[in-house]
Amino acid sequence: MKTHFFILSLMVVTLFSCSDYLNEPPLDRITENDVWSDKNLMDSYFFQIYDRMPFDYLADFGGGAGGGAFRDALTDIARSSYSWTPATNTFRPGNWGTANNTWPLDWWGYDNIWKINNSIENLELIGTGVLSDEERNNRLGEMYFLRAYCYYELVKRYGGVPIILVPQDPEITPEEEYFPSRNTEKEVYDQILLDAQNAFELLPNRWDSQLARATKWAAKSLESRVALYAGSIAKYGSVQLDGLVGIPSQDADSYYQLSLNASQSVILESGHSLFNQYPDPSENYAKLFTDESVNEIIFRKIWIPFEKGHSYDLRTVPYSYRLDWGSSMSPTKQFIDSYEVLNTGLLPNESGSQYDELNPWENRDPRLKGTILTNNDMFQGSPVEIWYATEIDGVIDTGSGTGVGKDGIGVHPDATKTGFYVRKYLEDGSSPLFIPEFYSGQDCILFRLGEIYLNAAEAAFELNNSDLARDYIEPIRTRAGLETNLRLQSYSGEALRDRIRNERKLELAFEDQRYWDARRWRIAEDVFSIQVEGVRTLRHIDGFGDETFTYETFDAEAEQMNFFPRQYYMPIGQDRRNNNNDLLENPGY
């Protein structure tokens, strides 16, 4: 049974003034003094902070991106299947700016930062009568971790933002502090890293039976990722607005070294190990995201079906398996082409790859079938039928129920738009599951050891240590079931860098990494400005009733994707600038 996230109370803890006209605390409500005098109430308050964190990529983004879209549907690895949504007609064409910069891109989490700062301030005053020193330090560590994560979510969107480390109070906070200007991007990254390091010192290795509370290894994993981001911004970005965006290039190596050190610490000391429980590598990879192993997962958000569930299955299953909606993301052919041919270690478009056009999805990196559903793959007890038509004796039948597969392009407006479906994170079984809305309970993985190996490999490469980079990429490729060129020995220089990045794209697909990676590498205006392709599968039935298939590439989106240079940073927005005149807008808006 899944361990619940320390739900000690289902009540909503609301902080009120502690006195009425008789200076007596009210008896029908919980006061602020009550919260900081009781460990259980305190933890309930902390649970609310966790609950408001942006740990949510398995939850669809509703009205912001429209109709069940997920952030990876804004990238080159998948498109949104619904043409009428903002995901398709606003975000992917690049038609967004200050007027329509909405969730899932925009996030201005200062409400949560206030609660975190308030918690830190009160925890520092608590005596041993309420919490032991260890309990107090553990909770302080949680708050430092959560504050660091909030600022990480801000800085990767906007660059430099105001750093606020105390709970502001309009009655006592000086006006110049209540309307702060933006700190530089470097200052924000440094504050995040400082908070992460403080959290590491204060947090426990593990919480007893409470898997979703931050641990010291979650803090060290955040340090690993954030320092890698900072190094990328310094190396590949540019400084503008006197440092409000961008980091000086001379700082790149120090951040990469910090990321490498943090990554090595997690790999060598945390006790986490790569998930490797199933002999078939495709199944092993798929099961990593549904078995919820404690071996590899370092930090997660726990979801509980119906009680506190999400709707990833409802939104994502292939068309014929749906209860409603379904098929919200259609993976692109460009993404499928990123999986190498198994027995050569080469990508399909590389000379000598031995890519078989008649069996294009076979003899490929096993993670392909653990991530994507291709034509005739078994899922929930039956084959996924993606052919758009059937040819018999030269006659093409596109009729529903006779010619087009039950999941094929054109069978319904909600079916795949590219000829592929997402498998990753979906629950599987021996028959269709028809999982209702809010009944999905797969945990949202925020940090896992696989990413940390990739962070180490990238940081080592950027520090000109290719051999060390190969040392860290090899375990990921070995676990994936690849058979040759496990150390990418045939690549060097930029070609090796690109293969390390490609490894990250495949290993972390649909884990809310691709969008941010392409931005920090400053390649988004290339990889997110493409005509998305798909594959049309045609079924052939010969005179003996035997079935074969042929495949045709086609343009799978009416409008080309676009990403413009200004969108490496999101706009602060006119509404926020109206509230605070000292917030300078980002370049290009």
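Where is the place of Gln531? In the loop between α19, residues 524–527, and β11. Keep in mind that this is a predicted model.

Let me stay with Gln531 for a moment. Is Gln531 buried or exposed? Neither, strictly: Gln531 counts as partly exposed, because its relative accessibility is 25% and buried would need a value under 20%. Leaving out residues up to four places away in sequence, Gln531 touches Gln334, Asp555, Ala556, Glu557, Glu559 and Gln560. For a sense of scale, take His272. His272 sits 259 residues from Gln531 along the chain, and their C-alpha atoms are 40 Å apart.

Now β11 itself. β11 covers residues 533–541, and β7 covers 389–392. The two strands pair in the parallel sense, over four bridges. Within that pairing, Glu391 stands opposite His540 of β11.

Both strands belong to an open sheet of four. The order is β8-β7-β11-β12, and the pairing is mixed. Which strands are at the edges? β8, residues 395–397, and β12, residues 547–555, each pairing on one side only. On average, neighbouring strands of this sheet are turned by 30° against each other, with direction ignored. One general point on strands. In a regular strand, side chains alternate between the two faces of the sheet.

Next, another pairing. β2 runs from 297 to 301, and five of its five residues are buried. So β2 is mostly covered, with buried meaning under 20% relative accessible area. β2 and β10 run antiparallel, joined by four bridges. Phe299 stands opposite Phe447 in β10.

That brings me to empty space. Rolling a probe the size of a water molecule over the atoms shows where such space is left. How many cavities of 30 Å³ or more does the search of the whole structure find? Six. The largest cavity has a volume of about 140 Å³. It is lined by 18 residues, and Tyr57, Arg225, Leu446, Glu511 and Asp512 are the closest to its centre. Two elements give two or more residues to that lining: α6, residues 133–158, and β10, residues 444–448. By class, the lining of the largest cavity has nine nonpolar residues, one polar and eight charged.

On to the pockets. The largest pocket holds about 470 Å³ of space. Its lining has 18 residues, and nearest the centre lie Ser338, Leu347, Asn502, Lys505 and Arg514. Which elements each supply at least two lining residues here? α13, residues 333–336, and α17, residues 493–507. The largest share comes from α17, with five residues. The classes divide into seven nonpolar, four polar and seven charged.

The second largest pocket holds about 400 Å³. Here 19 residues form the lining, with Trp108, Tyr110, Ile164, Gln168 and Tyr178 nearest the centre. α5, residues 110–123, and α20, residues 574–579, each supply at least two of the lining residues. α5 gives the most, with five. By class, this lining has 13 nonpolar residues, four polar and two charged.

A quick stop at Asp169. Asp169 is in the loop between α6 and α7, where α7 is 175–178. Asp169 counts as partly exposed, because its relative accessibility is 28%. Arg52 is 117 residues away from Asp169 along the chain, and the C-alpha atoms are separated by 21 Å.

Last item: backbone angles. Two residues in one loop deserve a mention. The loop lies between α12, residues 312–316, and β3, residues 329–331, and Trp325 is in it. Ser327 lies in the loop between α12 and β3 too. Trp325 has a phi near 55°, a positive value in a residue other than glycine. Ser327 is not a glycine either, and its phi is positive, about 60°.

How do they stand on exposure? Trp325 counts as partly exposed, because its relative accessibility is 24%. Ser327 is buried, because its relative accessible area is 1%.

To recap briefly. The largest pocket has about 470 Å³ of space, and the second largest has about 400 Å³. The largest cavity has about 140 Å³. And Gln531, where I began, sits in the loop between α19 and β11.

How values were computed. Residues numbered from 1 in each chain as written. Predicted model: local features only at pLDDT ≥ 70, side-chain atom pairs only at ≥ 80, totals over all residues. Heavy atoms only, no water. 1 Å grid on protein atoms, 1.4 Å probe; cavity = no way out; pocket = protein on both sides within 12 Å on 5 of 7 lines; lining within 4 Å. Points joined across faces, edges and corners; volume = space filled by probe spheres on them. Nonpolar A, V, L, I, M, F, W, Y, C, P; charged D, E, K, R; others polar. Pairing = 2+ DSSP bridges. Axes fitted to C-alpha atoms, helices over the stretch in contact; angles between N-to-C directions. Buried < 20%, exposed > 50% of the residue type's maximum accessible area, 1.4 Å probe, protein only. Contact = heavy atoms within 4.5 Å.
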